[in-house]
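Welcome! Below is a set of exercises, each followed by a solution worked out step by step. Keep the viewer open as you go.

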Amino acid sequence: MRHVALSLSFVLCALIGVTLGAQQAPAPITAIRAGRLLDPDAGRLLANQVILVEGTRIRDVGPNVAIPAGAQVIDLSRMTVMPGLVEAHNHLALTYKPEPESNIYYYTYVQESTALRAIQAASNGIQMLASGFTIVRDMGNNALYADTALRQAIEQGWIPGPTIINSGIIIGGMGGQFFPTPEMAQQHNIVYPEYLDADTPDEIVKAVRQNVLFGAKVIKICVDCKPYAYTADEIRLFIREAAKVGMKVEGHVQTVNGARNAIDAGIWSIAHSTGLNEEMHTLMAQKGIYRAGTDTPDTLAGHPVSPQGYRRTVASLKDAYAKKVPLTFSTDADYYVAGKTRGEVCLEFLKTWKDAGIPNADILRAMTINGYKVSETEKTRGPIQAGFFADLIAVPGNPLEDVDALKNVEFVMKDGQVFKRDGVMTPGAFFHGGPVNGWRIR
């Protein structure tokens, strides 16, 4: 036993030595020369700045920052450097298509396994990062927790991708957004895993806890997908249960009554705009409830929007802006558009914001500052400031003058590693085969 104890002691000492050695290894230093540095909060450009990155975080920013000897220097002196973008409502493990499901997403999960959709989510995440989205709130419709698997893989460092704030399975009254037959709902489980049925207080609590257990970081509910919509008290129960683990609740809302109940309950964010009128916007502004409007443009090939519908969308967004509702850039772009990546599809939604007459500076704030706040990352990610994770992008143009400059992201850095440079993805540094960032990631 004494020999065993000594052997274990030697092993522990060796492991501690390796750990200490790894901790003491100097982090690589990168210096970025930014010709123009966008401060989206202030809506201004700073000229000729140096951003010093040490390891995964920003060490210093300013015009006179000294560049240490041996630092890697990246010259972006002809570019506008800015914080990474936030997409506050997407579904990375869902891509419905003309073939084979005739653009009907209800059929997607019948044909595609969770494993296949997880691989597709990884691809979509890479596409989002390439377009400058360094944070994505992934809000359900991800089969059996493919969103959690994607988040874990990115956090482990196994693959490149945005920071994922995922909801797990959407919770709703019986049937979710589906209208299955009794045979399919009861005998073939046609609703699960796209939606969790929760119709009683006990079921609500259990559904929230299931999502927490399986790795959700935000809770998503169907407020009024069925005539038996959640009441304000039921939504409060969701909010209380989620708050026990520090999570917020987003509500999929379709009707004015559903919006009223969600706002009365004090929900964190409301997805979609069909249930939001001038009165609801006024109440949301008073309570600081985020609007994830998913304001679809009228230019997406294969996904037509009627002229009347588009006018309503633009008018709703314009009204929300006028009433000072906290706006997020949110697309719900969970479909295939020929010739475009998932990130490129999302950036097409800029058209709706421009047509609503929203100034470029405020569009940029919605895509950055409000995005960090709604995803609750604003204390660690987003702003290009000392101590924050080094997530930043660069474009040749000036997005304060032309917000469509965001459609030409040529440089992306995530967690201090270069993912895209000179318009070419270079993801090799993100791949490895072990739990470098901690095997306990959940």
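**Exercise 1. Which residues gather in a patch of negative charge on the surface?**

Step 1. The patch brings together D197, D199, D202 and E203. Patch members need over 30% relative accessible area and no salt bridge, with like charges joined within 9 Å and nonpolar side chains (Val, Leu, Ile, Met, Phe, Trp, Tyr) within 5 Å. Asp and Glu count as negative, Lys and Arg as positive, and His and the chain ends are not counted; a charge is placed at NZ of Lys, CZ of Arg, CG of Asp or CD of Glu.

Step 2. Areas come from the Shrake-Rupley method with a 1.4 Å probe, and for residues only the protein chains shown count as cover.

Step 3. Take D202, which sits in helix α6 (residues 201-213). Helices (H or I, at least four residues) and strands (E, at least two) are DSSP runs, numbered from the N terminus. Because its relative accessibility is 65%, D202 counts as exposed; the classes are buried under 20%, exposed over 50% and partly exposed in between (1.4 Å probe, protein chains only).

Before the next task, two notes on the model. It is predicted, so local features need pLDDT of at least 70 and side-chain atom pairs pLDDT 80 or more, while totals for chains, interfaces and linings use all residues. Residues are numbered from 1 along each chain as its sequence is written, and side-chain values use heavy atoms, leaving out hydrogens and water.

**Exercise 2. Examine the backbone around P100, S102 and N48, then add the nonpolar patch.**

Step 1. Begin with the peptide bond from E99 to P100: it is cis, with omega near 10 degrees. P100 belongs to the loop between β5 (85-90) and α2 (108-111).

Step 2. S102 is also placed in the loop between β5 and α2. Its phi is near 55 degrees, a positive value in a residue other than glycine.

Step 3. N48 has a positive phi too, near 50 degrees, and is not glycine. This residue is found in strand β2 (residues 44-54) and is exposed, with a relative accessible area of 55%.

Step 4. Return to the loop between β5 and α2, where Y107 lies. Together with I104 and Y106, Y107 makes a nonpolar surface patch of about 270 Å². Y107 has a relative accessible area of 45%, so it is partly exposed.

**Exercise 3. How many aromatic pairs are there, and how are two of them arranged?**

Step 1. Apply the rule: rings of Phe, Tyr and Trp (its six-membered ring) pair if their centres lie within 6.5 Å, with planes under 30 degrees apart stacked, over 60 edge-to-face and the rest tilted. The count comes to 8 aromatic pairs.

Step 2. In W268 and Y290 the ring centres are 5.3 Å apart and the planes at 55 degrees, so this pair is tilted. W268 lies in the loop between α8 (256-265) and β12 (269-271) and Y290 in strand β13 (residues 290-292), so the pair ties together parts 22 residues apart in sequence. Both W268 and Y290 are buried.

Step 3. F419 and F430 form an edge-to-face pair, 5.9 Å centre to centre with 80 degrees between the planes. F419 is in strand β16 (residues 417-421) and F430 in the segment after β17 (424-425), so parts 11 residues apart in sequence are tied together. F419 and F430 are both buried.

Step 4. Finally, ring pairs link F133, F329 and W353 into a cluster.

**Exercise 4. How many salt bridges does a search of the whole structure find?**

Step 1. Side chains of opposite charge can pair when their charged atoms come close. The criterion here is a side-chain nitrogen of Lys or Arg within 4 Å of a carboxyl oxygen of Asp or Glu. The search finds 25 salt bridges.

Step 2. R117 and E194 meet in one of them, at 2.9 Å from N to O. R117 lies in helix α3 (residues 114-130) and E194 in the loop between α5 (182-187) and β9 (195-197), so the pair ties together parts 77 residues apart in sequence. R117 and E194 are both buried.

Step 3. E241 and R209 also form a salt bridge (2.7 Å, N to O). E241 is in helix α7 (residues 232-243) and R209 in helix α6, so parts 32 residues apart in sequence are joined. E241 counts as buried at 7% relative accessibility, whereas R209 is partly exposed at 48%.
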